[in-house]
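Biologist: Please give me a close look at one part of this model: how its nonpolar side chains pack. Keep it informal, but spell out your cut-offs.

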Amino acid sequence: MDGGPVLLYDGQCGLCNGTVQWILRRDPHGSLRFAPLEGSLGGALRVRHPDATADSLLWFEPATATTPERLLIRSDAALRLARYLGGGWRLAALLAIIPRPLRDAGYAVIATLRHRLAGGPDRCLPPTPAQRARFLLDGADA
């Protein structure tokens with residue numbers, strides 16, 4: 001799994017944690033990794049990419065020998081996730097025709113309400129041991 005994509009999420013948000021659980025059940029490749037925005041990877045990425053805010057979903061692809069590091073935020077990250085999930089979720093790519101500022105405005109509404117929609121992290125299921133291996137916690141490299 002080293003070097004694959006990482007989805008960074010708000011570890012204090014019940015909606016975000018529920019979304020991670022939902023993705024874990026549907027991941028067709030079983031290779032997507034997860035990290036909380038509050039962790040060391042999230043902090044380092046926000047330093048390198050100042051437009052990445054703490055209220056944003058982040059899709060991170062580490063640099064390879066042939067490609068530079070890539071970080072997608074807000075609606076771009078959500079659309080990339082839909083493409084990764086495949087199947088009917090690829091239809092979400094049609095939303096890319098909407099200008100990014102409008103997509104991000106819709107994303108911002110959900111980001112603002114997310115704590116009220118689903119509560120805090122205490123309402124979340126812990127990952128199974130197999131799933132836990134896919135979480136990058138402080139000290140883990142991406």
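Modeller: What follows starts with the ground rules, moves into the packing and ends at the surface. This is a predicted model, so local features need pLDDT of at least 70 and side-chain atom pairs count only at pLDDT 80 or more, while totals for chains, interfaces and linings use all residues. Residues are numbered from 1 along each chain as its sequence is written, and side-chain values use heavy atoms, with hydrogens and water left out.

The protein chain has five helices and four strands, in the order β-α-β-α-β-β-α-α-α from the N terminus. Those are DSSP runs numbered from the N terminus: helices are H or I with at least four residues, strands are E with at least two. Of its 142 residues, 42% are buried, where buried means under 20% relative accessible area, exposed over 50% and partly exposed in between, using a 1.4 Å probe and protein chains only.

Now the packing. A nonpolar core here is a set of buried Ala, Val, Leu, Ile, Met, Phe, Trp, Tyr and Cys residues joined through side-chain atoms within 4.5 Å. The largest one has 19 residues, and Leu7, Ile23, Leu32, Phe34, Trp59 and Leu81 touch the most other members. Two or more residues of this core come from each of β1, α1 (14–26), α3 (74–85) and α4 (100–118). Zoom in on Trp59: leaving out residues up to four places away in sequence, its contacts (heavy atoms within 4.5 Å) include Pro5, Val6, Leu7, Leu32, Leu81 and Tyr84. Arg70 and Arg80 touch Trp59 too.

Apart from that core lies another, of 12 residues, with Leu8, Leu41, Ala52 and Ile73 among them. Leu41 also shows up in helix α2 (residues 40–48), where Leu41, Gly42 and Leu45 are buried. These three span an arc of only 100 degrees around the axis, judged by the directions from the helix axis to the C-beta atoms, which puts them on the same side of α2. Their cover includes β1 (6–9), β2 (33–36), β3 (58–61) and β4 (70–73).

Not every nonpolar side chain is tucked away, though: Ile97, in the loop between α3 and α4, is exposed at 75% relative accessible area. Together with Leu95, Ile98 and Leu102, Ile97 makes a nonpolar surface patch of about 410 Å².

How values were computed
Patch = residues over 30% accessible without salt bridge, like charges linked within 9 Å, V, L, I, M, F, W, Y side chains within 5 Å. Areas by Shrake-Rupley, 256 points an atom, 1.4 Å probe, with all protein chains shown as cover. Salt bridge = Lys/Arg side-chain N within 4 Å of Asp/Glu carboxyl O.
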